[in-house]
Each structure stands twice: as C-alpha cells, then as structure tokens.
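Thanks for coming. I will take one residue, then some strands, then the cavities.

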Amino acid sequence: MSGTLPSPSPREFGEDLIAALVSEEALGTCGAPAFTTVIPAREAAYADWPDWVHPPLRAELENCGIKRLYGHQAEAANLAHRRTSVVTATGTASGKSLVYQLPIVTALAESQSDTALYLAPTKALGADQLKNAARLTNSLPGLDTAHPYPYDGDTPSDIRPWIRNHARWVFTNPDMLHIGILPSHERWARFFRGLRYVVVDECHHYRGIFGSSVSWVIRRLRRIARRYGADPVFILASATTANPAAAATRLVGINCAEVTEDCSPHGARTVAMWEPGFLTSGPDHGSPAPARRSATTEAAALTASLVREGARTLTFVRSRAGAEFASMTARRLLDESGTGLAHRVTAYRAGYLAEDRRRIETDLAEGELLGVTTTNALELGVDIAGLDAVVIAGFPGTRASFWQQSGRAGRRGQGAVVILVARDDPLDSFLVHNPAALLGKPVEATVTDPGNPYVQGPHLLCAAAEHPLSDAEAAQLGVVDTLHLLEADGLIRHRPSGWFIAPGVNPHEEVSIRGGAAGQVAIVESATGALLGTVDAGRAPATVHPGAVHLHQGDTYLVENLNLEEGLALVRHEDPGWSTTSRSVSDIRITHIRVHSSHGAVSLGLADVEVTSQVVSYLRRLPTGEILDTVELEMPTSTLHTVAVMWTITPGHLTGAGIADDELPGALHAAEHAAIGLLPLVATADRGDIGGVSTALHADTGLPTVFIYDGHPGGAGIAERGHSAIREWLTATADVIERCGCVEGCPSCVQSPKCGNGNDPLDKAGAIRVLRAVLGELPQGPAFVSEPPQTAQPVPMP
C-alpha cells in the first residue's frame with residue numbers, strides 16, 4: 001500500500017450512518033465496508049473585498065451572508081480583473097462561481113457594451129449557474145440589460161434572435177458554441193465585439209478526445225473574437241487537479257495563472273470502501289467462479305437504506321440503464337419496507353427531455369426528493385444544499401471524478417458520508433484492498449492533445465468555413481501540414497490570401513466534439529409518437545439495436561427498429577422480463593509503429609492501429625443473471641483509427657513459462673482483460689474508453705501479441721500513459737489476478753462485461769504466467785519506464 005491516508009478522528013455523523021447500513025435492518029444490502037476513514041473538517045481562511053468590486057454587488061452579497069471572501073476567491077478574481085486569464089483549482093463547494101461573478105457583473109455594470117460568455121460541459125451545471133447569475137443581476141439596480149440568458153439546444157427558436165441581438169451574458173455549452181454560434185458569427189457581431197470574459201466551468205471535465213475537441217472550439221472562438229476586435233480574458237474553474245495552469249493553457253491556447261490553495265471550510269466526511277457480498281458460495285463450496293453482487297444493485301440497496309434513515313442521498317451509477325435500474329430497485333425496496341418513501345426516489349441522466357431534467361433538479365434542491373440515482377450528469381457544479389450522503393457505484397475512472405462526486409455531499413459544512421461500492425472488476429478490487437491508491441494520492445493531470453490529427457483536421461475545416469485561415473495563422477497554430485493533407489483530399493483550397501473551405505463542404509454538422517459518430521438517434525415510442533430521449537449515434541448499435549431492452553424513468557421498453565440513416569429508434573412499452581447485452585467482434589491492424597523497444601524475448605511498442613468492429617449479437621439475461629440465449633444481429637461495421645500500446649512475447653519463452661500452445665489463447669485473452677481493467681490506475685481514463693485485442697499469432701508481428709488501445713479516433717493519450725508506466729501497470733495487473741480467490745477467473749480479475757467473445761476462452765493461471773514472463777524480461781527496478789513517445793523515433797516492428 002502506497003501513499004498516506006487521512007488520519008482517523010472521533011466518531012462522526014457519517015460513521016453513524018455506516019453503522020446503520022451494516023445493521024440487520026438495512027434494506028437488502030449484502031456487503032460490508034472493507035475500509036473506513038474520516039477526513040477531518042477544515043476551517044476557512046478569509047481575505048478582504050477587492051476595492052474594484054461594483055459597490056451594489058458587494059452590498060447584495062453581504063446582505064446574502066457573504067461578509068468576506070475566501071482567500072482563493074479574492075486572489076483569482078483580482079487576477080481576472082487585471083486581465084490575466086486564470087484557473088481556480090479548488091475543491092467542490094469552495095465558491096468558485098464567485099470568482100467569475102465578481103469581475104463579470106462589475107464589468108457589465110460599468111460598460112453597456114461589454115459582454116460575457118459562460119461555457120459548461122453539462123446542461124445541469126449550466127442551468128444551475130444561470131439561475132445563480134440571474135438571481136444576482138435581478139437584485140441589482142441598473143443591471144436589467146445584463147440579465148443572463150441560456151442559448152443551447154433547449155432554447156426556443158423564437159427567442160434565439162433576441163438573445164443574439166440583445167443579450168450581454170450568454171450561458172451555453174461547447175456543443176452549441178461549435179454548431180450554433182461560431183458558424184453564424186456574423187449574426188453575433190455585436191456580442192463578439194464586446195466580449196470581455198469567457199468562463200470555462202469545471203474545465204477538468206474536458207479531457208481526452210472531448211477535451212481536445214473543445215480546445216479547438218475555444219481556439220476558433222478566440223480567432224472569431226479577434227476578427228471583431230475583442231481579446232477576452234478566460235476564467236476557468238476546476239476540481240483539484242495536477243498542473244492546472246498547464247492543463248488550462250493547453251485547453252484555451254493562452255497562458256493561464258493558477259490558484260490552488262483552497263481556503264473554504266468543509267465538514268468532516270466519512271469515506272467507506274464497500275465490498276458487495278458473493279452471490280455464489282465460492283470456491284470452497286464448489287463454485288468455480290464466485291461472483292459478487294453487482295455494484296449497481298448494492299448501491300440501490302444502500303440508497304434505499306439511507307433514504308429510510310432520513311439521509312438525502314445522491315447515487316452515481318456508471319450507465320444510463322444502470323441509473324434507471326438503481327432507481328427502480330431502491331423504490332421497490334422502500335415499497336416492500338412499508339416506509340411510504342418510494343415516490344421520493346427517482347433517476348436522472350442525460351437523454352431526458354429538458355422539462356424532466358429541470359423538474360428533478362428543482363425537486364432535489366428543494367428536498368422533495370430524498371434520493372436520486374444518476375449518471376455523471378449531476379457530477380459537476382450543481383449546488384444542492386443539504387445532501388447527507390453520496391453513493392458511488394464503481395470507481396468513476398479518475399481520482400478527480402471520485403472527489404468531485406463525493407463533494408456533492410456536505411456542501412454546507414455539515415458532516416457527510418461517501419460510499420464507494422466496488423464493482424466486480426480488477427481495478428475496483430485493487431482499490432478496495434489498497435485504499436491509499438485512491439485516498440492517499442494526488443488527483444491526475446488532465447490529458448488533452450490539440451495536435452491529434454483526427455481532431456485537428458475537422459476543426460480546421462470548421463475554422464476555414466467560419467473565416468478563411470491566413471498563412472500567418474496556420475503557421476502560428478502549427479497546422480500547415482494538416483492543411484496540406486486536407487487540400488489533397490479536396491476539402492480546402494489554398495489561395496494567395498489564405499486557406500478557404502472548398503465549395504460544397506459543410507463541416508460543422510459532421511463534427512462530434514464528444515467523440516464517436518456525429519449526431520443523435522431519437523428514441524420514440526411507436527404507439528404514441530412520444531419522444532422519450534436520445535442516444536449518441538455512435539452508441540446506438542450497441543444500446544438501441546432491434547430487440548434491445550431500454551429503460552426510461554422506471555419504465556421498460558423493447559426496441560422494435562433502429563434506422564441509423566434517419567436517426568430513429570422505435571420502441572414499444574413492454575417488460576419482457578430480461579435485460580440485453582450487446583456483443584461485438586474486433587480485428588486490429590498496425591498502420592505505423594511510433595515507438596519500439598526490445599527486452600530479450602519481449603518487445604514493447606506504441607503504434608497507430610486500425611480497429612474494425614461490428615455488433616454481431618446480444619445476450620438475453622434474466623434478473624438472476626442466467627443467460628437465456630444469444631440472438632444474432634446484422635449491424636454495420638465501424639473502423640477506428642487510434643493508438644495502442646502493445647507487447648509481443650516469443651513462443652519459446654512462453655513454453656519456458658509453462659504455457660502450452662492450446663493454453664495460449666486463453667492466457668493472452670485473460671491477461672488482456674485484466675490489463676484493460678487496471679490501466680485506469682496509471683492513466684486518466686475510464687475502462688469504457690479502452691479496448692483490447694489479443695492473439696496467439698498476429699499477422700503484422702508474427703508473434704503472440706496483446707494490444708490495448710484508446711477507444712477514440714486518433715487516440716486520447718491513454719495508451720501513451722500505459723506505455724510509459726508499463727511495469728507499474730502490469731505488476732498491479734498480475735497482483736490482482738493472483739490475489740483473487742476464484743479458481744478459474746471471475747469479474748474481479750479476468751472476466752469482462754464488454755467481451756465480444758463472451759469471456760471465452762479465458763485461462764486465469766495462464767494469464768499470471770504470461771504477465772510474470774513479460775515482467776521478468778523488463779529491466780528491473782521501479783525506475784524503469786519505456787521511452788517517452790514524444791522523444792522516441794518511430795521504427796519498424798521486427
């Protein structure tokens with residue numbers, strides 16, 4: 001165990017809740033905390049009000065109880081007022097909103113021509129911050145023209161022209177900025193001409209492909225603002241993260257100062273690492289692969305018990321379907337217990353209609369709801385006072401997200417409880433038994449790569465369509481080579497005055513800034529024509545294929561038809577009594593070796609690869625977990641150009657490690673699964689962002705090979721992190737498999753819920769031997785890392 005855990009303190013409020021959860025009267029829980037600690041309360045450190053703050057604004061804030069500023073609020077607001085772009089990286093509920101409200105409201109009060117733009121990564125966060133900003137401007141005399149307005153997909157079309165022509169403070173998101181504002185910037189000329197401040201809230205959320213795309217949306221915003229004579233100051237807010245100034249600078253493209261000392265108070269938090277119990281009797285009683293109860297089911301039971309104890313609870317679940325299932329399960333348990341509280345629990349997720357989301361947010365904030373099961377749609381920023389507990393069903397992928405989610409509770413200084421429910425998954429299993437790896441280590445750095453050509457190229461087309469790129473701009477941005485590639489494809493043309501979009505090319509609609517296929521698929525009830533919600537086009541074949549079971553606000557629907565060309569999935573209201581899980585097949589081809597190193601019988605590489613995949617079937621599964629059957633599907637194939645970390649090992653060395661030829665496919669496959677599960681330990685990633693392929697004889701290497709690749713076009717920096725920390729990563733992987741108490745492999749070590757082959761073949765013992773054989777060939781000592789991909793020269797794989 002590494003790192004330093006928080007020191008224990010006397011029994012706290014959260015510990016009493018934990019004791020209630022492990023009592024015999026708990027509603028349906030079958031696990032127990034494997035580790036519990038208390039993070040002590042922290043006192044506030046204050047600073048004086050800056051003398052430049054608009055006096056009526058200060059008076060209003062003081063009237064609302066804000067007599068003094070926290071030290072970090074004053075420091076960051078002063079920097080922004082002095083026209084220095086700044087990122088405030090402090091904890092949840094540390095008052096970061098005031099950092100941008102002070103300079104913006106002051107500027108809007110002092111100049112009728114100044115404007116401000118606010119960007120949020122989620123609709124829930126944007127709506128919450130808009131409400132707070134409107135409360136301020138409505139309470140101040142003379143600020144009626146500074147009233148903030150939302151401009152997003154939910155904004156009625158009849159009031160959009162008024163916002164463009166008159167609004168001075170606009171709240172939107174990167175998606176709408178990309179697709180709805182920048183392409184029509186001429187109609188926003190008044191707004192851009194006066195643009196003084198741009199707020200990028202919860203900027204740590206912009207990572208991977210999404211963050212890389214947003215970095216280009218912001219660069220496009222800055223060049224359009226310059227066209228109208230504006231040079232806005234950027235004010236960024238972030239959860240605590242490593243190197244916030246560097247990450248913010250990379251995101252917005254200009255130097256940013258950082259403020260990182262959190263001077264706000266917070267109440268004590270009891271953090272529990274909760275391990276669900278086994279569903280089967282275990283290897284000592286004849287079960288070859290004991291499985292633990294799912295984290296979602298256990299989290300639902302914990303939610304019900306907390307609600308019954310009177311604790312206002314927010315439960316984070318990994319998927320949309322999981323959020324719906326957890327809500328249904330918690331309500332059922334409350335119904336069966338006779339508490340009469342079932343109606344005070346609901347689900348919340350992306351894909352709901354706007355009015356449904358707003359209603360749930362209001363009911364939760366006002367205490368009408370006692371429990372909400374949600375995806376990470378409610379992770380960011382929404383100020384919900386009085387929450388007592390947060391339940392997290394499965395490690396959310398990064399330490400930053402864990403602390404962000406846990407910070408939803410205790411936002412007014414009172415005690416709170418945070419429960420991380422471990423999934424039956426290698427990484428969660430590792431963290432439960434090594435809590436210091438989560439609680440005792442700093443949060444990760446945010447990984448973005450604006451130089452990713454798969455991101456850069458489409459955004460350059462958008463930029464050229466908005467306003468031709470000059471040669472000087474292209475040189476300054478370092479994109480001349482990419483522009484020449486686009487020119488060769490006939491998408492852009494170079495003229496003496498710069499780079500112009502080719503006739504007939506309309507790039508904005510084709511670019512999805514969140515990765516995957518552009519566009520949305522509407523989910524419509526066939527009998528009534530009611531729109532239930534939407535799903536990303538890239539996820540549709542796996543989630544709303546014909547025959548899929550779809551959950552929506554506690555109701556069950558069966559998908560009748562999916563038309564990807566029309567963006568339409570038709571469903572009927574029906575509960576067939578089973579759930580569905582899609583299955584896919586993948587093939588991988590090496591297109592270029594970026595980095596290669598040899599270590600005896602083992603070679604390591606970082607490569608550009610082409611992954612071809614297709615959803616080919618789905619499983620129908622009963623609530624007990626029993627699989628009814630497999631149904632074949634005919635879905636279109638998809639091709640992903642991405643980056644993979646890979647390793648090969650010679651057959652002779654494998655034979656020497658005791659792995660027979662017939663055992664090799666299962667051993668490699670099991671090692672691949674476990675490595676995917678543990679990669680988030682060393683990389684800023686979610687398991688869902690990673691894919692893998694293993695083969696006993698790969699066509700491009702001629703050797704047994706394992707590939708672990710980024711699940712986003714062009715890569716997202718995940719494979720690079722694995723490559724540079726290969727020893728730490730594979731050592732933890734081997735340790736988790738060896739420590740697991742199962743006989744033949746289980747979800748806690750080598751089984752994967754995403755496996756396109758249904759976890760067949762898998763050889764747990766063989767996986768351990770493969771990983772130890774690889775590690776035995778790598779240079780010894782904790783200092784070993786492979787060469788950084790930025791400095792190594794690409795060479796052919798032998």
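Leaving aside residues up to four places away in sequence, Q101 touches L57, T106, N132, A133 and L136. This is a predicted model, so please take the contacts in that light. Q101 sits in helix α4, residues 97-110. Is the residue buried or exposed? Q101 has a relative accessible area of 7%, and because the cut-off for buried is under 20%, Q101 counts as buried.

Next, the strands. Strand β19 covers residues 520-525 and runs antiparallel to strand β20, residues 531-536, with five bridges joining the two. Within that pairing, V524 is opposite L531 of β20. The two strands make a hairpin, with five residues between them. In the turn, G529 has a positive phi of about 80 degrees.

β19 also pairs with strand β23, residues 568-573. Here the strands run parallel, and four bridges join them. I523 has A569 in β23 as its bridge partner. So β19 has an antiparallel partner in β20 and a parallel one in β23.

Last, the cavities. How many reach 30 Å³ or more? The count is five. The largest has a volume of about 80 Å³. Its lining consists of V87, C203, H204, Y206, S238, T241, P244, A247, A248, L251 and T446. Which helix gives the most to that lining? Helix α10, residues 244-252, does, with four residues. By class, the lining of the largest cavity has seven nonpolar residues and four polar ones, with no charged residues.

Key:
Residues numbered from 1 in each chain as written. Predicted model: local features only at pLDDT ≥ 70, side-chain atom pairs only at ≥ 80, totals over all residues. Heavy atoms only, no water. 1 Å grid on protein atoms, 1.4 Å probe; cavity = no way out; pocket = protein on both sides within 12 Å on 5 of 7 lines; lining within 4 Å. Points joined across faces, edges and corners; volume = space filled by probe spheres on them. Nonpolar A, V, L, I, M, F, W, Y, C, P; charged D, E, K, R; others polar. Buried < 20%, exposed > 50% of the residue type's maximum accessible area, 1.4 Å probe, protein only. Contact = heavy atoms within 4.5 Å. Pairing = 2+ DSSP bridges.
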